[in-house]
Amino acid sequence: MSRLLYEYSLSYRGYLIIPFVFGKANNYDIYSYKLLSEIGYQSHFHKAENPAEIYGSSISNILEIAKEHLDNNLEFTSESDYFQHRYVYRNNLIIVYQEGGKYFYDHYPPDSLNNIAAPKIFTSEFECLNWIKQGLNGLHVRRR
């Protein structure tokens with residue numbers, strides 16, 4: 001699997017649809033997708049890879065396939081957009097959320113949906129994002 005294309009992800013009905021290049025056929029990219037669920041492991045689609053079992057010829061095509069599958073197999077109704085405050089930095093996905101006046105985050109690396117966030121609480125979204133960027137920039141420097 002190539003890296004997850006977080007920059008093209010789409011928040012839809014309580015899920016984050018994340019496309020990626022599954023493979024190539026005749027020099028054309030074949031797209032697939034993975035899902036994150038706002039309710040986590042309570043959803044059997046959380047971290048699922050292409051539950052529709054249909055592949056696409058473009059990013060927009062695979063997003064439509066995923067949306068149609070979710071519409072036909074909806075598990076819950078979401079009142080909010082958990083994935084509204086998501087950022088891509090150095091190909092990493094960062095999701096910031098607020099609860100009770102405190103800020104938390106989820107951090108997914110470019111090649112997997114394993115949350116590697118540190119258990120840390122912040123007083124603002126800016127403080128949270130700044131801390132993450134510092135950590136990723138430090139990691140980038142150490143890998144050189």
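Why is strand S6 (residues 102-108) largely enclosed by the rest of the structure? In this predicted model, five of the seven residues of S6 are buried, so the strand is largely enclosed by its surroundings. The paragraphs below first describe the protein as a whole and then return to S6 and its neighbours.

The protein contains two helices and six strands. Read from the N terminus, these elements follow the order β-β-β-α-β-β-β-α. The radius of gyration is 16 Å, close to the 15 Å that the globule rule gives for 144 residues, so the protein is as compact as a globular protein of that length. Along the principal axes, the C-alpha trace spans about 45 × 40 × 20 Å. Of the 144 residues, 40% are buried. Among contacts in the protein with a separation of 6 or more, 45% are made by residues 24 or more positions apart. The exposed area of the protein is about 8400 Å², and carbon and sulfur atoms supply 48% of it. The side chains include 14 positive and 16 negative ones, and the centres of these two sets lie 12 Å apart.

Strands S4, S5 and S6 are linked in succession through S5. Strand S4 (residues 86-89) runs antiparallel to S5, and four bridges join the two. Within this pairing, Val88 has Leu93 of S5 as its bridge partner. S4 and S5 form a hairpin with two residues between them, and Arg90 in the turn has a positive phi of about 50°. On its other pairing, strand S5 (residues 92-99) is joined to S6 by seven bridges, and these strands likewise run antiparallel. Two residue pairs illustrate the register of S5 and S6: Gln98 has Tyr103 of S6 as its bridge partner, while Leu93 stands opposite Tyr108 in S6. Leu93 thus takes part in both pairings, with Val88 as its partner in S4 and Tyr108 opposite it in S6. The hairpin of S5 and S6 also has two residues between the strands, and Gly100 there takes a positive phi near 60°.

Positive phi values also occur at two residues in loops elsewhere in the chain. Arg13 has a positive phi of about 50° although it is not a glycine. This residue is found in the loop between strand S1 (10-12) and S2. The relative accessibility of Arg13 is 40%, so Arg13 counts as partly exposed, a class that lies between the cut-offs of 20% and 50%. Asn50, which is not a glycine either, has a positive phi of about 45°. The position of Asn50 is in the loop between S3 and helix H1 (59-72). With a relative accessible area of 4%, Asn50 is buried, because this value is under 20%.

A further loop residue, Asn27, is found between strand S2 (15-25) and strand S3 (28-37). Asn27 has a relative accessibility of 73% and therefore counts as exposed, the cut-off being over 50%. In sequence, Asn27 and Ala118 are 91 residues apart, and their C-alpha atoms are 40 Å apart in space. The loop residues described here thus cover three classes of accessibility: Asn50 is buried, Arg13 is partly exposed and Asn27 is exposed.

Key:
Residues are numbered from 1 along each chain as its sequence is written. This is a predicted model: local features need pLDDT of at least 70, side-chain atom pairs count only at pLDDT 80 or more; totals for chains, interfaces and linings use all residues. Side-chain values use heavy atoms; hydrogens and water are left out. Buried means under 20% relative accessible area, exposed over 50%, partly exposed in between (1.4 Å probe, protein chains only). Two strands pair if DSSP finds at least two bridges between them. The radius of gyration is taken over C-alpha atoms; the globule rule is 2.2 Å times the number of residues to the power 0.38. Contact means heavy atoms within 4.5 Å. Accessible areas come from the Shrake-Rupley method with a 1.4 Å probe; for residues, only the protein chains shown count as cover. Lys and Arg count as positive and Asp and Glu as negative; His and the chain ends are not counted. The place of a charge is taken as NZ of Lys, CZ of Arg, CG of Asp or CD of Glu.
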